[in-house]
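Grab a pencil and work through the exercises below. Each one has a task and then a solution in steps.

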Amino acid sequence: MSETGEKRYNSTGGDEGRLVTLGRVTGAHGLQGWIKVYSDTVPRENIASYGHLLLNSGAGWQRWKLSAGRRQGKYVVLKLKGCNDRNAAEGLVGALIAIERDQLPHLDETGEYYWTDLQGLAVETLSGEPLGRLDHLFETGANDVMVVRGERERLIPFLWGQVVQDVDLAAGLIRVDWDPEFRGR
């Protein structure tokens, strides 16, 4: 049990697969236990919309009730119940922040995906040539970009219907209309 009286999540056990990382603690904010957070959610402040968060600063996942949160420039600041002073907040710096998978809003079957569901999928051309595995995605403003790692790293735009032709989560595969010889700049 944690100091907040809640279950700890085993970082080596079965709970890991049910967790989705949303960001990390980057610093303390003020004197009353607020933490500064880098959020991977879109928009950033969505990380403050969950009733509780799981933090892991190396000793396993610990559940914290979220008291308040708001956007603060390019960061978000959060107040966790039981984190009442700057020293406690500083003790959380570097911690990963996650939620349980079932806390995410349900997506319909309309071709929407969470990035976390796409990471690790095999990527191949329409002719079946393997390009590697999707390591991660990032935003450019114009579109999202897949970082595919295989015999070399490829940056492939995630443009549905133009480049990305099919995503089959059950088969673990993304099919793309892409020239495997394309080198880019």
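Helices (H or I, at least four residues) and strands (E, at least two) are DSSP runs, numbered from the N terminus. This is a predicted model, in which local features need pLDDT of at least 70, side-chain atom pairs count only at pLDDT 80 or more, and totals for chains, interfaces and linings use all residues. Residues are numbered from 1 along each chain as its sequence is written, and side-chain values use heavy atoms, with hydrogens and water left out.

**Exercise 1: Get your bearings**

Task: Find how many helices and strands the protein has, and what share of its residues is buried.

Solution:
- Step 1. Go along the chain and you get 2 helices and 13 strands.
- Step 2. Now sort residues by relative accessible area: buried means under 20%, exposed over 50%, and partly exposed in between (1.4 Å probe, protein chains only). Of the 185 residues in the protein, 38% are buried.
- Step 3. For the outside, use the Shrake-Rupley method with a 1.4 Å probe; for residues, only the protein chains shown count as cover. The accessible surface comes to about 10400 Å², and carbon and sulfur atoms hold 46% of that.
- Step 4. Contact means heavy atoms within 4.5 Å. Take the contacts with a separation of 6 or more: 52% of them are between residues 24 or more positions apart.

**Exercise 2: Map the core**

Task: Work out which elements give two or more residues to the largest nonpolar core.

Solution:
- Step 1. Know what you're looking for: a nonpolar core is a set of buried Ala, Val, Leu, Ile, Met, Phe, Trp, Tyr and Cys residues joined through side-chain atoms within 4.5 Å. In soluble globular proteins, nonpolar side chains tend to be buried together.
- Step 2. The largest one has 23 residues, and Ile35, Leu53, Leu55, Leu78, Leu80 and Leu92 have the most contacts inside it.
- Step 3. Two or more residues come from each of strands E2 (19–29), E3 (34–39), E4 (52–56), E5 (61–72), E6 (75–80) and E7 (96–100). E2 gives the largest share, 4 residues.
- Step 4. Look for a second core: there is another one lying apart, with 16 residues, including Leu118, Val123, Met146 and Ile156.
- Step 5. Zoom in on Ile35. Leaving out residues up to four places away in sequence, Ile35 touches Val25, Gly27, His29, Leu55, Val76, Val77, Leu78, Leu80, Ala89 and Leu92.

**Exercise 3: Hunt for salt bridges**

Task: Say which parts of the protein the pair Glu45 and Arg71 ties together.

Solution:
- Step 1. The rule is a side-chain nitrogen of Lys or Arg within 4 Å of a carboxyl oxygen of Asp or Glu. That gives 9 salt bridges.
- Step 2. Glu45 and Arg71 pass, as their closest N and O atoms are 3.0 Å apart. Glu45 sits in the loop between E3 and E4 and Arg71 in strand E5, so this pair links parts that are 26 residues apart in sequence.
- Step 3. Check the surroundings: Glu45 is partly exposed at 31% relative accessible area, and Arg71 is partly exposed at 40%.
- Step 4. Compare with Glu90 and Arg86, a salt bridge whose closest N and O atoms are 3.1 Å apart. Both lie in helix H1 (residues 86–90), 4 residues apart, about one turn of the helix. Glu90 is partly exposed at 39%, and so is Arg86 at 30%.
- Step 5. Glu153 and Arg149 form another salt bridge, at 2.7 Å from N to O. Their values are 44% for Glu153 and 41% for Arg149.
- Step 6. Finally, Arg18, Arg63 and Glu100 are joined into one network by salt bridges that share partners.

**Exercise 4: Two aromatic residues**

Task: Decide whether Tyr50 is buried or exposed, then do the same check for Phe182.

Solution:
- Step 1. Locate Tyr50: you'll find it in the loop between E3 and E4.
- Step 2. Its relative accessibility is 15%, and Tyr50 counts as buried.
- Step 3. List the neighbours of Tyr50: not counting residues up to four places away in sequence, it touches Leu22, Leu66, Ile99, Gln103, Leu104 and Pro105. The C-alpha atoms of Tyr50 and Leu66 are 7.3 Å apart, with their positions 16 residues apart along the chain.
- Step 4. Phe182 belongs to the segment after strand E13 (173–176). At 43% relative accessible area, Phe182 is partly exposed.
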